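Here's a quick briefing on the fold and its helices. Have a look at the model first, then work through the notes by topic.

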Amino acid sequence: MTDNDTADMDTTGADLPEGTAAVAEEATITDDRQRTSGASDSVDGADAASVIDEGEIAADYIEELLDICDFDGDIDIEVRGGRSYISVDASGEGSLRTLSKPDTVTALQELTRIAVQTKTGEFSRLILDIGGSRQTREAELGAMVDRAVERLEEGAEAASLPPMSSYERKLVHDIVAARGFVSESEGEGRDRHTVIKRG
């Protein structure tokens with residue numbers, strides 16, 4: 001796998017609702033929010049604390065948005081590979097259905113990153129999942145890879161996928177490798193996409 005992807009593009013200039021103050025690393029998280037420790041072996045102590053603070057700020061922001069929308073949701077924070085993963089789930093059917101649409105999740109993720117950057121002054125790479133939207137998207141990416149592999153098996157030299165974020169390209173690279181093929185990212189900016197080839 002060859003991919004020199006960097007973090008997603010920085011976005012600034014949005015008006016955001018004020019979130020509550022960032023919670024210190026050792027503070028107790030509210031009852032409806034749980035922090036789950038994840039794989040962060042490559043992150044040193046200072047960076048790990050920074051990522052945890054990022055997750056706390058993001059969770060506060062999402063919690064405020066849910067209150068504004070009058071939606072109920074449980075927020076979990078996980079740190080994996082130096083990224084904060086924020087997931088929002090609800091026990092009731094359909095309460096988060098509107099927010100869990102892929103385009104909506106992407107937009108809310110960018111707004112949340114901006115909120116974090118506004119408070120920390122650092123670029124955020126957090127990942128937001130609402131109502132299992134990421135799992136659904138991973139299944140869609142797997143189906144895309146399978147169709148591309150079919151084209152290769154029919155004789156194509158390479159198969160290109162549509163442009164997508166660096167996070168999704170990373171998922172695609174992993175899926176492609178599991179299928180026994182190779183992939184690399186090509187293009188610049190919003191046109192950056194994955195090309196799949198035989199090994």
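Helices (H or I, at least four residues) and strands (E, at least two) are DSSP runs, numbered from the N terminus. With that naming, Phe-123 sits in the loop between α2 and β4. Keep in mind that this is a predicted model. The chain has four helices and seven strands, and along the sequence they come in the order β-α-β-β-α-β-α-β-α-β-β.

**Overall picture**

- The chain runs to 199 residues, and 38% of them count as buried.
- Take the contacts with a separation of 6 or more: 66% of them are between residues 24 or more positions apart.

**Helix α2 and the loop after it**

- For α2, 19 residues at 1.5 Å a residue should span 27 Å, and the end C-alpha atoms are indeed 27 Å apart, so the length agrees.
- The buried residues of α2 are Val-105, Leu-108, Gln-109, Thr-112, Arg-113, Ile-114, Ala-115, Val-116 and Gln-117.
- Gly-121 follows α2 and has a positive phi, near 75°.
- Back to Phe-123 in the loop: its relative accessible area is 31%, and because buried means under 20% and exposed over 50%, Phe-123 ends up as partly exposed.
- Phe-123 and Arg-113 are ten residues apart along the chain, with 7.6 Å between their C-alpha atoms. Arg-113 itself is one of the buried residues of α2.

**Helix α3**

- α3 has 21 residues and reaches 30 Å from first C-alpha to last, close to the 30 Å expected at 1.5 Å a residue.
- Its buried residues are Ser-133, Arg-134, Leu-141, Gly-142, Met-144, Val-145, Ala-148, Val-149 and Leu-152.
- Those buried residues of α3 pack against α2 (102-120), β4, β5 (158-160), α4 and β7.
- Ser-133 lies in α3 and has a relative accessible area of 12%, so Ser-133 is buried.
- Leaving out residues up to four places away in sequence, Ser-133 touches Ser-100 and Val-105. Val-105 is also among the buried residues of α2.
- After α3 comes Gly-155, with a positive phi near 120°.

**Helix α4**

- The 13 residues of α4 should span 18 Å at 1.5 Å a residue, and its end C-alpha atoms are 18 Å apart, so this one agrees as well.
- Ser-166, Tyr-167, Glu-168, Arg-169, Leu-171, Val-172, His-173, Ile-175 and Val-176 are the buried residues of α4.
- The cover over these buried residues of α4 includes β3 (83-89), β4 (127-130), α3, β6 (182-186) and β7 (193-197).
- Gly-180, just after α4, takes a positive phi of about 90°.

**How α3 meets α4**

- The axes of α3 (residues 133-153) and α4 (residues 166-178) come within 10 Å and cross at roughly 55°. That angle is neither under 35 nor in the 65 to 115 range, so α3 is oblique to α4.
- The crossing of α3 and α4 is right-handed.
- On the α3 side, the residues that meet α4 are Arg-134, Arg-137, Glu-138, Leu-141, Gly-142 and Val-145. Their partners in α4 are Tyr-167, Glu-168, Leu-171, Val-172, Ile-175 and Val-176.
- By class, this contact has seven nonpolar, one polar and four charged residues.
- As background, an α-helix has 3.6 residues a turn, so residues three or four places apart point the same way.

**Thr-194 in strand β7**

- Thr-194 lies in β7, and its relative accessibility is 0%, so Thr-194 counts as buried.
- Not counting neighbours within four places in sequence, Thr-194 is in contact with Ala-159, Ser-160, Leu-161, Arg-169, Val-172, His-173, Ser-183, Glu-184 and Ser-185.
- Of these contacts, Arg-169, Val-172 and His-173 are among the buried residues of α4.
- Thr-194 and Lys-170 are 24 residues apart in sequence, and their C-alpha atoms are 9.4 Å apart in space.

**Asp-70, a backbone detail**

- Asp-70 is in the loop between α1 (45-69) and β2 (74-80).
- Its phi is near 60°, a positive value in a residue other than glycine.
- Is Asp-70 buried or exposed? With 67% relative accessibility, Asp-70 counts as exposed.

How values were computed. Residues are numbered from 1 along each chain as its sequence is written. This is a predicted model: local features need pLDDT of at least 70, side-chain atom pairs count only at pLDDT 80 or more; totals for chains, interfaces and linings use all residues. Side-chain values use heavy atoms; hydrogens and water are left out. Axes are lines fitted to C-alpha atoms, for helices over the stretch in contact, and angles run from 0 to 180 degrees between N-to-C directions. Angles under 35 degrees count as roughly parallel, over 145 as roughly antiparallel, 65 to 115 as roughly perpendicular and the rest as oblique. A crossing is left-handed if the near helix is turned anticlockwise from the far one by less than a right angle, and right-handed if clockwise. Contact means heavy atoms within 4.5 Å. Ala, Val, Leu, Ile, Met, Phe, Trp, Tyr, Cys and Pro count as nonpolar, Asp, Glu, Lys and Arg as charged, and the others, Gly among them, as polar. The expected span of a helix is 1.5 Å times one less than its number of residues. Buried means under 20% relative accessible area, exposed over 50%, partly exposed in between (1.4 Å probe, protein chains only).
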